[in-house]
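Hi everyone, thanks for making time for this. Please have the sequence and the structure open, and we will walk through them together.

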Amino acid sequence: MELETLSNLIALGEGFTTEFKRSLPSDLGREICAFANATGGVILIGVDDTGTVVGVGDHNRVKSQVQSVSRSADPPVAVEVDSCGNVLCVTVPEQHGKPYSFGGRFYIREGATCQQLSRDEIRDFFFKEGLIRLDETPCNSFDLSIEITPQRWTEFAGHAGIDPRMEPIAVLENLHLVRDSRVTHAGAWLLADDITRFTLQAGLTCAVFQGKTKSNILDRKEFRGNLYAIYQEVMAYFQAKLNSALIPHARGRDERLELPESALREAVVNAIAHRDYRSTANVQVYIFQDRVEIVTPGGLPAGMREEDLGSKSVPRNPLLFSMLYRMKLVEQIGSGIRRIHEACRDHGVGEPSIEVSPDWLTVTFPRPGTARTHHVAQHDAPHVTQQVGRLLAALQQESGRADLMQALDLRDRPYFYRAYLQPALEGGLVEMTLPDRPRSPAQQYRLTTLGEQVLNSTLYPQDGG
């Protein structure tokens with residue numbers, strides 16, 4: 001270490017990655033262990049607590065003692081010991097064999113101090129580092145003789161590509177979903193009729209909000225079946241709550257969701273597969289006026305960095321992930337984020353943003369109907385007459401028939417319906433707010449996503465009457 005670097009370290013004072021020791025300490029082993037279990041650090045021997053350099057003698061003897069202590073850790077910790085003036089610098093690089101213990105005890109760096117881990121903290125540390133996988137641990141509350149009914153087995157076998165005539169326990173053992181006659185959590189989550197009976201927080205919540213904030217909730221649903229059923233129900237929820245448009249083509253018209261189903265499907269499966277099932281929160285799907293958010297508890301798994309998203313996969317729940325792959329919910333390992341972006345580009349909508357924190361991962365899809373950024377290509381656009389074009393331009397907010405006729409300066413109701421409203425409805429450009437009651441006095445009309453797109457695409461004339 002250079003003297004300038006040493007001076008800078010001392011000037012910064014003790015902290016998460018720096019420790020001062022006046023002389024060779026008796027607790028050096030636990031200090032090395034604590035740094036090894038964190039992100040590494042430097043121990044400066046010959047510097048007191050105030051940052052004053054007091055120096056240390058016989059560097060060769062002290063270096064030998066430091067190396068002996070580091071090798072006594074379990075597993076041994078590789079350290080670098082250098083002299084810098086009369087200070088001995090012990091560098092503990094970031095280690096990859098966590099957790100480390102010394103004298104049979106585990107330590108971690110917290111702030112500027114070394115702390116011994118309690119039993120619960122050790123357990124949490126093991127989970128955090130991916131050394132214990134919850135999906136592989138036994139779910140003791142799942143009774144094989146009661147829970148696996150013929151109907152449930154047939155459904156599971158169909159999703160997993162298994163002959164339902166095969167003996168369930170033998171198959172589940174081969175899939176590692178049953179170990180030592182006990183179902184793993186991954187097995188319970190895939191076979192349950194109500195997943196919250198075995199892992200309370202494993203359900204999923206969907207909600208629709210009015211506007212762009214959570215101030216007013218319009219709809220809320222809790223999904224609590226097995227993970228495959230939850231996935232299907234969430235996708236059905238998207239179909240019911242998001243806008244769709246009829247896209248004309250040479251053979252007729254296709255209904256298309258405002259956001260690409262493949263991207264939404266990938267994001268939902270990622271949330272189910274990679275969430276931290278020890279978290280007290282569940283996966284949450286929020287639909288706002290301007291965006292869709294899919295919020296996953298747990299942040300990134302150990303060994304995964306934000307810059308790895310889209311190119312690398314480190315499953316938090318590898319057994320569960322392998323089963324979702326078998327069920328064809330996961331198409332290609334490590335490419336989910338990339339496929340989400342590609343699907344959005346192909347669909348012609350804005351690409352999602354991904355926000356990562358230690359406890360959460362949020363994927364946010366901008367909705368095209370409010371952003372008004374998506375345009376219809378000329379060859380995809382429906383034929384829009386001058387009258388329909390004027391109707392679209394007048395329909396800036398939900399409006400009733402009378403208001404629209406007034407805005408268009410029309411008095412002939414049959415003509416308005418025949419030339420304006422009916423073709424707009426049939427073309428999927430306008431929709432009713434009360435489709436189940438088309439003749440209701442409270443009926444209003446609004447632009448569909450396709451109507452928004454056409455309105456902004458300048459593919460129709462807006463002048464004339």
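Let me begin with a term: a residue is buried under 20% relative accessible area, exposed over 50% and partly exposed in between, using a 1.4 Å probe and protein chains only. What you are looking at is a predicted model, where local features need pLDDT of at least 70, side-chain atom pairs count only at pLDDT 80 or more, and totals for chains, interfaces and linings use all residues. Residues are numbered from 1 along each chain as its sequence is written, and side-chain values use heavy atoms, with hydrogens and water left out.

Let's try the term on two loop residues. Asp409 counts as exposed, at 55% relative accessibility. You can find Asp409 in the loop between α15 (401-407) and α16; helices (H or I, at least four residues) and strands (E, at least two) are DSSP runs, numbered from the N terminus. The phi of Asp409 is near 60°, a positive value in a residue other than glycine. Lys328 also is not a glycine, and its phi is positive, about 65°. Lys328 sits in the loop between α11 (318-326) and α12 (336-347), and is exposed with a relative accessible area of 71%.

One more backbone detail. Where is Pro75? Look in the loop between α3 (59-71) and β3 (80-84). The peptide bond joining Asp74 and Pro75 is cis, with omega about -5°.

Now to a buried strand. How many of the five residues of β2 (residues 41-45) are buried? Five of the five are, so the strand is largely enclosed by the rest of the structure. Gly41, Ile43 and Ile45 point one way from β2, while Val42 and Leu44 point the other way.

Who are the neighbours of β2? Strands pair if DSSP finds at least two bridges between them. Strand β1 (residues 18-21) pairs with β2 in the parallel sense, over four bridges, and Thr18 stands opposite Val42. Between β1 and β2 the chain passes through helix α2 (residues 28-37), and this β-α-β crossover is right-handed. Right-handed here says that, with the strands pointing away from the viewer, the path from the first strand over the helix to the second runs clockwise. With strand β4 (residues 87-92), β2 pairs in the antiparallel sense over five bridges. There, Leu44 has Cys89 as its bridge partner.

That brings us to the cysteines. How many disulfides does a search of the whole structure find? Zero, where a disulfide is a pair of cysteine sulfur atoms within 2.5 Å. Why is Cys33 not bonded to Cys114? The sulfur of Cys114 is the closest cysteine sulfur to that of Cys33, but at 7.3 Å it is too far for a bond. Cys84 is in no disulfide either; its nearest cysteine sulfur, that of Cys89, is 5.0 Å away. Cys33 is buried at 0% relative accessibility, and Cys84 is buried at 2%.

Next, the rings. A pair of aromatic rings is described by the distance of the centres and the angle of the planes. Rings of Phe, Tyr and Trp (its six-membered ring) pair if their centres lie within 6.5 Å; planes under 30 degrees apart count as stacked, over 60 as edge-to-face and the rest as tilted. By this rule there are ten aromatic pairs. One of them, Phe209 with Phe288, is stacked, 5.1 Å centre to centre with 15° between the planes. Phe209 lies in strand β10 (residues 204-210) and Phe288 in the loop between β14 (283-287) and β15 (291-297), so the pair ties together parts that are 79 residues apart in sequence. Phe209 is buried at 9% relative accessibility, and Phe288 is buried at 2%. Ring pairs link Phe209, Tyr286 and Phe288 into a cluster.

Phe288 has another partner: Arg291 lies over its face, 3.7 Å from the ring centre. For a charge to sit over a ring, NZ of Lys or CZ of Arg must be within 6 Å of the ring centre and within 35 degrees of the ring normal. The charged end of Arg275 does this with Tyr277, at 4.6 Å from the ring centre.

Let me finish in helix α10 (residues 261-274), the place of Glu266. Glu266 is buried, at 6% relative accessibility. Its side chain makes a polar contact with the side chain of Arg339, at 2.7 Å. A polar contact is a pair of N or O atoms within 3.5 Å; within protein, one must be able to donate a hydrogen and the other to accept it, and residues adjacent in sequence count only if both atoms are side-chain atoms. Thanks for listening!
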